[in-house]
Amino acid sequence: MRKLSFVFILLIGLPFAFISCDEDDVIINPPDNGIVLTSENNLYEGDLYILYLEEEIISTENTIFMLQDLIDNNQGTPEIELQLNEAEQQLDILNSNLAIQMGIEAEYVLPPRVPRRPPNPPPPPSPCIGCVPLAGGFSFITMTPDIANLNIRILDYNTEEEIETVTFGSFVPSENYNGVVSIQPASLNNFTGQVILIVERQDINGATASYSLNVRFY
């Protein structure tokens with residue numbers, strides 16, 4: 001399998017502190033330095049998290065429907081009933097997490113950002129099962145200040161071999177956006193292709209979440 005050429009880089013010319021540890025990059029966020037966000041130059045991490053939650057909710061609802069159908073057709077067993085109960089509990093957790101994340105977006109007046117679902121993305125190459133289309137030409141990662149630490153692992157879509165790991169920390173809220181959004185210069189160097197993103201996030205209260213998405217950057 002060919003290895004994708006994929007680089008997560010900091011923009012040249014913006015002040016930053018960079019610490020390299022083995023294959024992982026630890027990036028300390030600089031002041032916003034007058035950065036102006038547009039609808040095309042930034043990727044909002046909260047959108048990735050919402051996409052993940054929406055996909056998991058659909059998958060869990062399908063599982064509940066299948067298990068309930070077995071029970072309704074007298075094919076239920078104690079194990080199936082236990083699985084149904086666990087799936088219903090998981091669905092409650094997912095819906096709660098989605099409501100919390102949507103509430104964060106409603107509370108913070110976020111700047112324009114790349115839409116999560118572009119109206120007419122290019123047709124996906126095959127196979128690209130469950131891939132989320134995202135524009136790869138952004139120059140900044142943005143997040144709300146409730147996020148204290150963000151770790152992104154990029155895996156080859158075909159081999160699941162790790163290509164790059166980048167950790168963002170010590171965020172400084174942007175002065176230009178009333179302190180409601182943090183900005184980290186970052187780029188895919190206009191990369192296009194299919195990858196697996198594994199995102200690990202920690203909020204200011206210490207709560208952690210880890211999720212993955214199949215992504216097709218175009």
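**Group meeting: a walk through the model, from Gln101 outwards**

I will begin with Gln101, which has its place in helix H2. Please keep in mind throughout that what we have in front of us is a predicted model. With a relative accessible area of 2%, Gln101 is buried, because anything under 20% is counted that way. If we set aside the residues up to four places away in sequence, Gln101 touches Tyr44, Gly46, Tyr49, Ile50 and Arg201.

Two of those names, Tyr49 and Arg201, come up again when we turn to the largest pocket, where they lie nearest the centre together with Ile100, Asp203 and Ala207. The lining of this pocket is made up of 14 residues, and the space inside comes to about 230 Å³. Which elements supply at least two residues each to that lining? They are helix H2, spanning 78–107, strand S9, spanning 193–203, and strand S10, spanning 208–217. Of the contributors, H2 gives the most, with four residues. Sorted by class, the lining holds seven nonpolar, four polar and three charged residues.

Let me step back to the overall layout. The protein has two helices and 10 strands, and, read from the N terminus, the order of its elements is β-β-β-α-α-β-β-β-β-β-β-β. The chain has 218 residues, of which 45% count as buried. If we take the contacts between residues at least 6 apart in sequence, 73% of them join residues at least 24 apart. The exposed surface of the protein amounts to about 11500 Å², and carbon and sulfur atoms supply 52% of it.

Now to the interior. As a general background, nonpolar side chains in soluble globular proteins tend to be buried together. In this model the largest nonpolar core has 37 residues, and the members that touch the most others are Ile141, Leu197 and Phe217. Two or more residues of this core come from each of helix H1 (45–72), H2, strand S4 (132–134), strand S5 (140–143), strand S6 (147–156), strand S7 (162–169), S9 and S10. The largest share, nine residues, is given by H1. Taking Leu197 as an example, and again not counting residues up to four places away in sequence, we find that Leu197 touches Leu48, Ile152, Arg153, Ile154, Tyr211, Ser212, Leu213, Val215 and Phe217. Apart from the largest core lies another one, of six residues, among them Leu155, Tyr157, Ile196 and Ile198.

One of those six, Ile198, leads us to Asn151, since Asn151 is in contact with Thr165, Val166, Thr167, Ile198, Val199 and Glu200 once its neighbours within four places in sequence are left aside. Asn151 is found in strand S6, and at 11% relative accessibility Asn151 counts as buried. The C-alpha atoms of Asn151 and Glu200 are separated by 5.0 Å, although the two residues are 49 residues apart along the chain.

The two helices offer further pairs of this kind. Glu61 is found in helix H1, and the C-alpha atoms of Glu61 and Leu91, which are 30 residues apart along the chain, are separated by 7.2 Å. Ile93, which lies in helix H2, is 36 residues from Ile57 in sequence, with a C-alpha to C-alpha distance of 9.6 Å. Are Glu61 and Ile93 buried, exposed or partly exposed? Glu61, with a relative accessible area of 40%, is partly exposed, and Ile93, at 47% relative accessibility, also counts as partly exposed.

I will finish with two loop residues whose backbone deserves a look. In general, most residues other than glycine have a negative phi. Asn74, in the loop between H1 and H2, is not a glycine and yet has a positive phi of about 55°. Glu160, in the loop between S6 and S7, is likewise not a glycine, and its phi is positive at about 60°. Where do these two stand on accessibility? Asn74 is exposed, because its relative accessible area of 74% is over 50%, and Glu160, with a relative accessible area of 55%, is exposed as well.

Methods
Residues numbered from 1 in each chain as written. Predicted model: local features only at pLDDT ≥ 70, side-chain atom pairs only at ≥ 80, totals over all residues. Heavy atoms only, no water. 1 Å grid on protein atoms, 1.4 Å probe; cavity = no way out; pocket = protein on both sides within 12 Å on 5 of 7 lines; lining within 4 Å. Points joined across faces, edges and corners; volume = space filled by probe spheres on them. Nonpolar A, V, L, I, M, F, W, Y, C, P; charged D, E, K, R; others polar. Core = buried A, V, L, I, M, F, W, Y, C linked by side-chain atoms within 4.5 Å. Buried < 20%, exposed > 50% of the residue type's maximum accessible area, 1.4 Å probe, protein only. Contact = heavy atoms within 4.5 Å. Areas by Shrake-Rupley, 256 points an atom, 1.4 Å probe, with all protein chains shown as cover.
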